[in-house]
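Biologist: Hi, I've just opened this one and could use a guided tour. Can you put it up and pick a place to begin?

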Amino acid sequence: MSNSIHTETTFETAVIAMLCETGWTEGNAADYSAELALDKKAVLRFIQDSQPEEWKRYVAFYKNESESKFFQRLHRELDLRGMLDVLRRGINDYGIKFQLVFFEPDHSLNPDLVKQCQHNRLIVTRQIHYSEKEPNKSIDLLLSINGLPVATVELKNHFTGQNVQDAIRQYKKRNPRELLFLYKKRTLVHFAVDSDEVYLTTKLDGDQTIFLPFNKGNNGGAGNPINPNGGYRTEYFWREILKPSSWLEIIGRFLHIQKEQIKSGEKIYKREKTLFPRYHQIDVVQKLCNDAKKNNTGKNYLIQHSAGSGKSNSIAWLAYRLSSIYNKKNKRIFDSIIIVTDRNVLDQQLQNTVDQFEHKEGVVQRIDKDSEQLANAIQSGINIIITTLQKFPFALKKMNDIPKRKYAVIIDEAHSSQGGEASKKLLQTLNNVSLDEAERLDAKWEAEQEAKEEESINAAIEEIMISRQQQGNISIFAFTATPKSKTLEVFGTKDSEGKMRPFHLYSMRQAIEEHFILDVLKNYVTYKTYYRFCKQIEEDPELNKRKAMQAIGHFASLHPTNLAQKTEIIIEHFRQITSKQIGGKAKAMVVTSSRKHALRYYLAFKEYIQEKGYEKIIKPLVAYSGSVIDDNYPDGVSESQLNEFGEKELPDKFASDDYQVLLVADKYQTGFDQPLLHTMYVDKKLSGVKAVQTLSRLNRIYPGKEDTFILDFVNERQIIINSFQDYYEQTMMDETTDPNHLYELKNKLDSTNVYYQSEVDAFAKIYYNPGRYGTKEQSRLYHHIDPSIDRYAAKNEEEQDSFKNAMVSFVRLYSFLSQIMPFRDIELEKLYSFSRFLLSKLPKTDYSQRLKLDNDVVLEYYRVQKISDKDLVLEIHGEKSLNPITEAGIDYEKDTVVRLSNIIHILNEQFGTEFTEADRLFFEQIKMDIAAEPEIRERAVSNSLENFSFAVDDLFVNKMIERMEANQETTTKLLENKDLETAVKQAVTQDIYDEFHKEHL
C-alpha cells in the first residue's frame, strides 16, 4: 500500500469508500451493457422489487419476451424523451406504467411513497468500458440511479502530476457520439475532479465542450477551502452533494432543460441546453429551505450574490422549492410565494422550470394588468405570484387581509435601466441652462430619485415588519449584489460578534475568479495616468527612438477641458483600440454628468465623425430621460428624436451591428445587460454603490471578450477602489507601471535562451498568416513552441521560476498597455502571442500564476485583429502592402459557388453586409462541425454536388443554431435573409465536397 499511496487508483478507492459511507453501493463493471449504456440487472431488479404488481401484469402480457420488450421500450423512450424526463415521469407500455426512480416526497402523508423510496439504489461503478467499437476505453466512475447512468467522473491526482485540467482535456477527447455520452439520451452531467477542485459540463462536444467550476469558494475567491476535518478539499462533493438525498433532489428538482425556438424561413428549429446548478445555487436553496423548515415563517434572509451568479435561476429554484416544503406536522410552510421583481423574463423562466418538475396549470402567475388581478391571485392561493415593487404595497395589504395564510416574499433587487413615466415628468428642463448648472441640477435630481426609491423600498419593508410583528406570517428573502447599510440592517443575519452579515454570499471576487464575469477594474485608467503615459512616450528619447508606440492624435499635449477635446480622445481611442476587440464587435458606453452633457456629446460625436469620415466605423446613440432644451433646440429635444426611433427599441438597436457607442446620462447605468460592451469612458462623478453598478455594465462575458477597459476623466482612482472594496473582498488595482518596463522584461526573457528569436519569427509567420488556418498550421505552431519547453525543462527550479514570473509579467503588462494605445513595436507583438502559447504548455506550479489560453475564439479573434493591423502584417511577411482578398470588378456568374476562403468579400459586395474575418471563422467552424458528422464523407464521395447539398441543408442550420450563443448577430442575419444563408451554405457545402473528393482521389 505504501508504494501506491500517491496513485489515482488510491484516490478512486477513497472516493468509492466515501460514497458507500453515505449510502451508495459499489457496482460491478461486468454488469454494464455497452449496447444499451445501462446496467440491465440493476434496472430489472428495481422494477421487480418496487413495482411487483405492474411487473406481474407486464409478464402476463408479454410472457417470455417481457424482459426484451421492456428494454426495447425503455431504450426507445430514452431515445425520444431523454434520461431526465424518463426518470421524472417513468415509462408506459400498453397502459402499464413503470417508475424508474422514486423521489423523496415533500411530506409523509402517504406512507407508501415513503416506503417506495427505500427501493432506490444509487450505484457507483469504477472503470466502465463504455464503447462497443473501442472496448479498451473506460471511464473512471459511473454514477447510476437504479442502473440508469446519470453522471460520469474523471479523477486526477496531484501526486501523479495531473490535475482537474488534465481531466477536462481527457473529456474533450472523448467521442460525444458514444451512447453513454450522447446528449440527453443517457448521462446528464460529467464531472472532472481532483483532490482540490471540481468542474462539470452537461454536454460533451469535443474541443467546444464548456466546463464550469463547481467549487465552494475559498475566502471569498475561487477554489475550495482546506477541509477542516482533514482529507481532500473536494470531500464536500462526495459527502454532501452526492449524498443520496441531496443527489436525488438535484436530479428531481434542480436539473433543467432550457429550450428556445429559432425560426428559419418556414422551419422552426429547437435549441436546448441542460442547466446543472452551480454549487452556490444548490447551497443557498438547500440552506434557505432547511432554515425555513426549522424556524417556520417570520424571518428575514439577505442573499448577496454577485452579477454572474445566475440569480434568475437561483430565484426560480428557490421559489419552486419554497412552494413545496412542509414542516414536521406535514403542513405547508408557505401558502404562496410572492416574487417582487422588474425582470420580465422571470415569469416564463419560472413557468418553464416548474413545468419540467410537474405538469400543472396555474402554478405561476405574473401580475401584468392591475391590482385586481393581484388581489385575485392572492385570494385564489396561486403558488407563485410575480409582481413589481410598485404593486407590492397593495399585495401586502391583501396578504394582511388573509392572516391565516403564510407567505414567502422574494425581493429581487434588479434595477430598472430606463426611467419611468414619473421620471420623464420631473425631467422637463424649463430653461436653457449652462453645462455646469445642468450637471448640478441633474445630480440633485438623481439624488432625490435615489432617496425616493430607497424611501419607497424602506416604506414597504417597514410595512412588512409591522405586519409580521402583528401576525408573523411573512418571511422575506432579499437578493442583491450590492447591499446598502439599511438592507443589511433589516435583512442581515447577526454573527457571533453581533455584526449583520448576509445569510449567503457569492462574492464578486469569486464570480471573477471563476470566469463568470470580468474584472472591470483590471484595466481601469484615470485620464491623469493616461495623459502621463502619452506624455512619457512623446518625451522619452529611448521610446521615441524605438518607435515602440504611437500616441493617439496629440494627446500628449492635450489636457481636455471641453467636450470637443474629450470627444476626439474618445473617438480616436475607440477607433484604434476598442473597435478591434471581440472580433470587431466591441461596443462602448460614454457616461456623462447630465442630460445636457449627453446631448452636447452626441452633437460633438456626429460632427467629429462626419469631419473625419468615420461614418462606417462609428455610429452613436444617445439615451436620456425627458426632453432637453439647448441653443439648437429651443423647444427641447428627446433621445427618440435624435436617434430617430422609440426609446423602447434602443437596447435592440444598440445590440445590432449598426451602432457602436452609447452616450448616456441618467439611463442604462444600472440593470442594462449588453455583453458586447467592452469600453467605458466616464465623465461623471461616481462613488459608492453607484460607481459599482455603473462600471459593472462592462462585466458580462462573451466569446472572444477577454478583458474590458475604462478611461475615467473625472474620478479619483482611490474613490473607485473604495467603492468596490465592500463587494469585492480584496484590493483590486495596483499603481500602473512604466511602459519601458516592457523592454526590460523582454531583455530579461531574451537573455534566458529559453526561446530563440528565429522561433518567435517563425511562429508569427504562421499565426498571423491571413490565409487558411487549419490542423496543419496548428501542428507547425507546436513545432516552434516545443523546443522552448525542452530548454525550460533543462533549467533548475530557480531559473524556471524566474523565467515564468518574467513572462507572466510581460503578458499581463502588454495586455494592459495595449488597451491604452496601439503598439507599433512588431517584436513586442510577436513575443506577446508566442508567450501566451508557451505559458499554456509550461508546467503549472501556482494557481494564481496560471495564464491559460482562455479559448480558441479569443485567440482567433486576437489573431484576426492583428492581421488587420497592416503595419504588423507587412513587417512579418516582408511585403510592401497588405491587400486583403480583392475581387471588386470581377464578374461572377450567378450560379457560381464561391469558396469559403473568399466568401467575406463576395457577401459584403453582393448583400451590403459588413462581415469580417471573425465571421469567416464562424463559417469555418460550422463547416468543421458538418464534416465531422457520421456518413457525411460517404455521402460526399458517392453523390453529385447537387445531391450532396440536400444532406447538408438541415445540418447547416442546426450547426449554426448550436453556435448561436457565441455568434448571435451573424446567425440572426443569416436566418433573416434566405439568399444570404444560401450563399454561405453553398460555400460551406462546396468546400466539404471538394475536400472529401480530393482525399478520396
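Modeller: Sure, and keep in mind that this is a predicted model. Let's begin with strand β19: I474, I476, A478 and T480 point one way from it, S475, F477 and F479 point the other way, and all of these are buried.

Biologist: How many of the residues of β19 are buried in total?

Modeller: Seven of its seven, which makes β19 a mostly covered strand.

Biologist: OK, and which sheet order does it sit in?

Modeller: It belongs to an open sheet of seven strands with parallel pairing, and the order is β16-β17-β15-β18-β19-β14-β22. The edges are β16 (364-366) and β22 (504-506), each of which pairs on one side only. From one strand to the next, the twist averages 15°.

Biologist: What joins β19 to β14 and to β18?

Modeller: With β14 there are five bridges, and the two strands run parallel. In that pair, Y301 has F477 of β19 as its bridge partner. With β18 the pairing is also in the parallel sense, over six bridges, and there Y407 is matched with I474 of β19.

Biologist: And how many bridges join β15 to β18?

Modeller: Five, linking β15 (residues 336-340) and β18 (residues 407-412), again running parallel. If you click on I338, look for V409 in β18 as its bridge partner.

Biologist: Which strands does α10 lie across?

Modeller: Helix α10 lies across β14 (300-305), β19 (474-480) and β22, and runs at about 175° to β14. Helix α13 (residues 371-380) lies across β15, β16, β17 (384-387) and β18, at about 160° to β17.

Biologist: What comes between β16 and α13?

Modeller: A loop, and D368 is in it. D368 has a relative accessible area of 55%, so it's exposed. Its C-alpha is 8.8 Å from that of I386, with the two positions 18 residues apart along the chain counted as their separation.

Biologist: Let's switch to the cores. Which residues have the most contacts inside the largest nonpolar core?

Modeller: L74, F191, W238 and W247, in a core of 87 residues. Helix α10 (residues 279-295) gives the most to this core, with seven residues. There's also a second, separate core of 66 residues, and V525, V622, V754 and I820 are included in it.

Biologist: What does L74 touch?

Modeller: Leaving out residues up to four places away in sequence, L74 touches L38, V43, V86, I91, L100 and L148.

Biologist: L74 is in α4, I think. Which residues of α4 are buried?

Modeller: S66, F70, F71, L74, E77 and L78. They share one side of α4, because the arc they cover around the axis is only 125°.

Biologist: Why would residues spaced like that point the same way?

Modeller: An α-helix has 3.6 residues a turn, so residues three or four places apart point the same way.

Biologist: How far does α4 reach?

Modeller: Helix α4 (residues 66-81) has 16 residues and spans 22 Å from the first C-alpha to the last, close to the 22 Å expected at 1.5 Å a residue. Just after α4 comes G82, with a positive phi of about 95°.

Biologist: Which residues have a positive phi although they aren't glycine?

Modeller: Two to look at are A37, at about 55°, and Y94, at about 50°. For background, most residues other than glycine have a negative phi.

Biologist: Are A37 and Y94 buried or exposed?

Modeller: A37 counts as buried, at 0% relative accessibility, while Y94 counts as exposed, at 65%. You'll find A37 in the loop between β2 (32-33) and β3 (38-39), and Y94 in the loop between β4 (91-93) and β5 (96-98).

Biologist: New topic: where is E235, and what does it touch?

Modeller: E235 is in helix α8 (residues 235-241). It touches M18, N227 and G230, again not counting residues up to four places away in sequence. E235 counts as buried because its relative accessible area is 14%, and the cut-off for buried is under 20%.

Biologist: Last one, zooming out: how many helices and strands does the protein have?

Modeller: 39 helices and 30 strands. Of its 1001 residues, 54% count as buried. Among contacts between residues at least 6 apart in sequence, 71% join residues at least 24 apart.

Notes. Residues numbered from 1 in each chain as written. Predicted model: local features only at pLDDT ≥ 70, side-chain atom pairs only at ≥ 80, totals over all residues. Heavy atoms only, no water. Helix = DSSP H or I, 4+ residues; strand = E, 2+ residues; numbered from the N terminus. Expected span 1.5 Å × (residues − 1). Buried < 20%, exposed > 50% of the residue type's maximum accessible area, 1.4 Å probe, protein only. Arc of directions from axis to C-beta. Core = buried A, V, L, I, M, F, W, Y, C linked by side-chain atoms within 4.5 Å. Contact = heavy atoms within 4.5 Å. Pairing = 2+ DSSP bridges. Axes fitted to C-alpha atoms, helices over the stretch in contact; angles between N-to-C directions.
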